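This report describes one protein chain for a reader who has not met it before. The sequence and the model are shown first, and the description follows.

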Amino acid sequence: MLGSTIIEINGVFLGAAILVSASGTRRFYAAHDSVRALHNELLPDLSALQQRIRQHVRKPGCQMV
């Protein structure tokens, strides 16, 4: 692991974006049930990962409690 960034929305800790390569590729470590389906997903950079998580959380039926 080269580094990590906490991912939270509205003060709810969802997990961490783990830097896995010098090119910026990030792996998501899900710590909240609402994003469990995204656990270990790889994205090219932090911005893409954050966008993917926001889209997932906005889906109907996804609750962050």
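## A salt bridge at Asp33

Asp33 counts as exposed because its relative accessibility is 64%; exposed means over 50% relative accessible area, buried under 20%, and partly exposed in between, with a 1.4 Å probe and protein chains only. The side chain of Asp33 meets that of Arg36 in a salt bridge, at 3.1 Å from N to O. Here a salt bridge is a side-chain nitrogen of Lys or Arg within 4 Å of a carboxyl oxygen of Asp or Glu. Arg36 has a relative accessible area of 41%, so Arg36 is partly exposed.

## Basis of the model

This is a predicted model, in which local features need pLDDT of at least 70 and side-chain atom pairs count only at pLDDT 80 or more, while totals for chains, interfaces and linings use all residues. Residues are numbered from 1 along each chain as its sequence is written, and side-chain values use heavy atoms, with hydrogens and water left out.

The pLDDT is the predictor's confidence in each residue, from 0 to 100. For the chain the mean pLDDT is 90, and 91% of its residues reach 70 or more. Confidence is highest in strand 3, at 97, and lowest in helix 1, at a mean of 92. Helices (H or I, at least four residues) and strands (E, at least two) are DSSP runs, numbered from the N terminus.

## The sheet

How are the strands ordered in the sheet? The sheet is open and has 4 strands in the order 1-2-3-4, with antiparallel pairing. Strand 1 (3-9) and strand 4 (42-43) are at the edges with a single partner strand each, so one side of each has no neighbour in the sheet. Two strands pair if DSSP finds at least two bridges between them.

Strand 1 and strand 2 are joined in the antiparallel sense by 7 bridges; the bridge partner of Glu8 is Phe13 in strand 2. Strand 2 (residues 12-19) also pairs with strand 3 (residues 26-30), in the antiparallel sense and over 5 bridges. Ala16 has Tyr29 of strand 3 as its bridge partner, and Ile18 has Arg27 of strand 3. Strand 3 and strand 4 pair over 2 bridges, again in the antiparallel sense, and Arg26 stands opposite Leu43 in strand 4.

## Turns and backbone angles

Strand 1 and strand 2 form a hairpin with 2 residues between them. Asn10 lies in the loop between these strands and has a positive phi of about 50°, although it is not a glycine. Most residues other than glycine have a negative phi. At 74% relative accessibility, Asn10 is exposed.

The hairpin of strand 2 and strand 3 has 6 residues between the strands, and Gly24 in its turn has a positive phi of about 105°. Asn40 is in the loop between strand 3 and strand 4. Asn40 is not a glycine, yet has a positive phi of about 70°, and with a relative accessibility of 41% Asn40 is partly exposed.

## Helix and core

Helix 1 (residues 46-58) lies across strand 1, strand 2, strand 3 and strand 4, and runs at about 30° to strand 1. Axes are lines fitted to C-alpha atoms, for helices over the stretch in contact (heavy atoms within 4.5 Å), and angles run from 0 to 180 degrees between N-to-C directions.

The largest nonpolar core has 13 residues, and those with the most contacts inside it are Ile7, Leu14, Phe28, Val35, Leu49, Ile53 and Val57. Strand 1, strand 2, strand 3 and helix 1 are the elements that give two or more residues to this core. Such a core is a set of buried Ala, Val, Leu, Ile, Met, Phe, Trp, Tyr and Cys residues joined through side-chain atoms within 4.5 Å.

In strand 2, 7 of the 8 residues are buried, so strand 2 is largely enclosed by the rest of the structure. Side chains alternate along strand 3: Arg26, Phe28 and Ala30 are buried and point to one face, while Arg27 and Tyr29 point to the other and are not buried.

## The salt bridge of Glu41 and Arg52

The structure holds 2 salt bridges. One of them joins Glu41 and Arg52, with the closest N and O atoms 2.8 Å apart. This pair links distant parts of the chain, 11 residues apart: Glu41 is in the loop between strand 3 and strand 4, and Arg52 is in helix 1. Glu41 is partly exposed, with a relative accessible area of 22%, and Arg52 is partly exposed at 28%.
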